[in-house]
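Let's take a walk through this structure, one stop at a time. Have the viewer open and follow along.

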Amino acid sequence: MSLVELAFVVNGESVTLSVPPFATLLDVLRDDLELTGTKYGCGEGECGACSVILDGKVVNACLVPALECEGAEVLTIEGLAFGGKMHPLQQAFVDHGAIQCGFCTPGMIMAAYALLEANPSPTEEDVKRGLEGNLCRCTGYRKIVDAVLSFAGGGA
Amino acid sequence: MNSQSSVVSHQLVPEKQRAGQIATKDTLIGKRIPKLDAPEKATGLARYIEDMKLPRMLYGKILFADRPHARIVNIDTAAAKAMRGVRAVITAADIELVPFGFGQDNTALKKDKVTCTRDEVAAVAADTPQIAAEAVSRIRVTYEDLPVVASTDEALAEGAPVIHAKTPDNVPFQFDYSHGDIEQGIRESDVILEDTYTLGRQAHCCLGTSGIIAHFEADGRLTLHSLTQVPFLYKNDLARIIGVAPEKIRIIQPPIGGGFGSKLDIHPFEPICVFLARATSRPVRLCFTREEEFRATPTRQPMVIHLKSGVRKDGTFTFRDVRMLLDNGGRTSWGATTPWISMRTFSSLYRVPHVRQHVDVVYTNNIYACAFRGYGNPQATFALESQVDSLAEVLDMDPLELRLKNAQKPGETTGQGMVLGTCGLADCLETATQHAGWGKKRRNVKTSKRQNVAAPNQPDRTSFSRDPMGSASTDLSSHRHIAHGIGMASLFHVGGGAKIYRSDGCGTILKLDDFGGVTVMTGSSEIGQGSETVIAQIVAEELGLSISNIRVINNDTELTPWDVGVHASRTTFIAGNSALRAARDARRKLINAAAARLKRKPDDLDLRGGKVVERSSGEPLESIGKIIRGLHFGRTKNELVMTTDFYEPPSTAPDKEQKGDISACYAFGTHVAEVEVDLETGVVKVLRICATHDVGRVINRLGIEGQVEGGIAQGIGYCLAEELKVEGGRVCNPSFTDYKLFSTTDLPELDVSFVETNDPAGPHGAKGIGESPLIPVAPAIANAIYNATGVRMTELPLTPERVLAKLKEAREKETISD
């Protein structure tokens, strides 16, 4: 099968690689770039575990054809922490007990990041709506919503 | 010293004095401690099974039968084997078929016959997951279909097809229990109610799908990266299935993307992966897709419960007679034993002198079930707590009063022989209802319930006057199609482990380095529930160290000592006790060494803030690191500070009649749910849940709140929406599109509180909490729906269709009686 060249920016770094034409952004992130923080949860855009930021908007990486990312900028969970220090939003998830098994966490944090970028002072209702596409089986969501609200309140 | 400290607190404080400031006894117990592994998970650096790759690793894939009941005539693997990149194709003919599972009716691959759609028929190892999937699709199996047994009724019918030859009646297990004399109970009753409750299949829906990596070393040893919740039992059982000596198997658990009981059994995909690794002499990883996760992993037990209970006019419970029918599916996992736990709720949540229970576990050609948070208790509690409300209504008693009247009390031994040292049930009932505004809200909703049922659109005013509560002063002007209601349910569960296996113990190895850093090796696994943090807190507390000094190793059987597994809400209690005892030994050693070195009495010393301090004043005398180095590098004697402990709880295995003090302590709780029912659509919205749990003592407040909130969310899903639908043996909704999981916007307001009964057996008084929060959610909501509408829901989940059907039925009845 012939591979196609793909050039884009991931977490601030330029990347060029050859990918199968049917590869998804999730495949490329996880298999080619070994950015395994972005999770496979369902492969059909229902759980949000693969949420990443594509040109400023949150997307389910499992639904995005990799080749559509040509020239785009992608931010994954690995791109949030800087200089060995967690992003304050990540810290808020840790401090508020918003993490149990942790499998939904990267996607949840990226969805929250996109939400806060678009709306730095969300209401509780805004936060719930913004995270509606991200499933969590452990926490019951209360502490996740609290973590995002706390960051919106003073962390930004 | 203290006054000096306060004076110097605004300056750059010399180390010794700063230590003096923090050397006041500042406990970690009950604090909000973030999970130790949270930073790794928050940054995406935690490597789950699907994130792991080994050099030359292959990818495994399974061919499932996709037929509920059929004879295997032939399997043709030639086309799959011929594919480039395929390294092995195996069928039952290629492996030794060793039966396993609780019923010994399962094998890794199936030889002659499949008994449910998820039966594993063949497997492939290939260079990429894509090639493996393509190869599986090229395997041709010739089947001869057999009549499908799609329900327990069909399985028990005369002349029903036999699913497993060794069980001609399709009933592989029966469980019986009794105490007292049912006939006497019936004679003593003023009111007797009999109802049937039907419980559906809830899927675990772990966000991380199932997976495993198998890897043989050059010397024949096997390393498994496995998600098992029971690594030591697993090693033993797996050894038999794969023909490798257990001492040559190493289990390493990567971070686990959700457990909830789903990983208590050995699942066929696990030995299959080992067989593929053996066939190829290469590491093999086998991970499920989401669809495979839905189709080929077990669920919560579907069951039908017939419950008959009696009560005296004054509200005293007299007897309870239970018959349960479990749809076992085509194979038997440990889930078949859930009646062991469900019977404890029937016998012991309340004082009831006469109890009898009979359970039939029935083979069908449906997919099978396994352990799921609560282990049969959510089903039992749904039936029992629904019927308790019905009894209260007949007696015209407040359900709270009826429950308080019959609630277990501390110091009692239940009919099933369980000894309740501490019991906070009455406190839970009172606290939860107080937080919920029970008296006030309940009265208000009662007045509105009859009219709502009678006429959602055009209120039938004549029906008001016949309202049994004699009140019709309800505001109908604004939301007449919305009915409000409030309901409660309580729970009883094991809180100090459950002695099902011959040991319910856990081991700890505790090692201090020469700087005061502590490594705790515990047998108990971390599956997201936060046990590693609780264990670290307990050790840090004992040794006067900061939590950041503690490293917990809990995922490698070559390092960690034996433990029976993460189940039965046992880890805080059992592993916590073991860690506490190991830490106490280390503490004693440190204090004695310090006393000798400092020429003080051991009783005068304490460990605080990383220092040995004078107990009375808190004055720091020496760093803990220095004491340890003194032991290591002593002039006359050299010693490590390393302790071990194996904690076996003071519980007893149940006798043949299932009686006995199975747990070292017992957990209780009460939930009050407030709901809104849309009478036109049948949609139930949970507005608020007030949950109070007797947890003995809170160790990590952040973690325990998370357990309760998460348990409630799973309970709401179980109650209102979640059901893996199986028709004719086939799974109908194997995706998150069709299997509804609630999300952030479905979240009700939560009020979580704790009753601290300080159980003398628990570490710092703590009991287990893991499963309890899910258990009473469904009956609390169902009781609230009844309170709102007068409609008694008896079949889970309470989907809008089911609620609407019952509402219609009730309206029709009302019309006829008019």
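What follows is a short tour with three stops: a pair of domains, a helix and a small sheet. Keep in mind that this is a predicted model.

Start with chain A, which splits into domain 1 (4-79) and domain 2 (88-155). Taken over C-alpha atoms, the centres of these two domains of chain A sit 21 Å apart. Where they meet, 14 residues of domain 1 of chain A are in contact with 13 residues of domain 2 of chain A. Look at the domain 1 side of that meeting place: β3 (51-54) and β4 (57-60) of chain A each supply at least two residues to it. The biggest share comes from β3(A), which puts in three residues. As for chemistry, this side of domain 1 of chain A breaks down into seven nonpolar, five polar and two charged residues.

Now hop over to chain B and find helix α8 (residues 231-242). Its twelve residues reach 16 Å from the first C-alpha to the last, close to the 16 Å expected at 1.5 Å a residue. Is α8(B) largely enclosed or left open by the rest of the structure? Nine of its twelve residues are buried, so α8(B) is largely enclosed. If you'd like to pick them out, the buried ones are P231(B), F232(B), L233(B), Y234(B), K235(B), D237(B), L238(B), I241(B) and I242(B); notice that K235(B) and D237(B) are on that list. What do these buried residues pack against? Their partners are β10 (222-226), β11 (249-252) and α9 (269-280), which belong to chain B as well. Step past the end of α8(B) and you land on G243(B), whose phi is positive, near 70°.

The last stop is further along chain B, at an open sheet of three strands. Their order is β20-β21-β22 (chain B), with antiparallel pairing. β20 (605-608) and β22 (620-623) of chain B are the edge strands, each pairing on one side only. On average, neighbouring strands here are turned by 30° against each other, if you ignore direction. Zoom in on β21 (residues 611-614) of chain B and you'll see it pair with β22(B) over three bridges, in the antiparallel sense. Along that pairing, K611(B) stands opposite S623(B) in β22(B). Finally, look for the helix lying against this sheet: α19 (residues 624-632) of chain B packs on it, touching β20, β21 and β22 of chain B. The direction of α19(B) makes about 50° with that of β22(B).

Key
Residues numbered from 1 in each chain as written. Chains lettered and ligands numbered in written order. Predicted model: local features only at pLDDT ≥ 70, side-chain atom pairs only at ≥ 80, totals over all residues. Helix = DSSP H or I, 4+ residues; strand = E, 2+ residues; numbered from the N terminus. Expected span 1.5 Å × (residues − 1). Buried ≥ 20, exposed ≤ 12 C-beta atoms within 10 Å, placed from the backbone. Contact = placed C-beta atoms within 7 Å. Domains from an automatic or database assignment. Nonpolar A, V, L, I, M, F, W, Y, C, P; charged D, E, K, R; others polar. Pairing = 2+ DSSP bridges. Axes fitted to C-alpha atoms, helices over the stretch in contact; angles between N-to-C directions.
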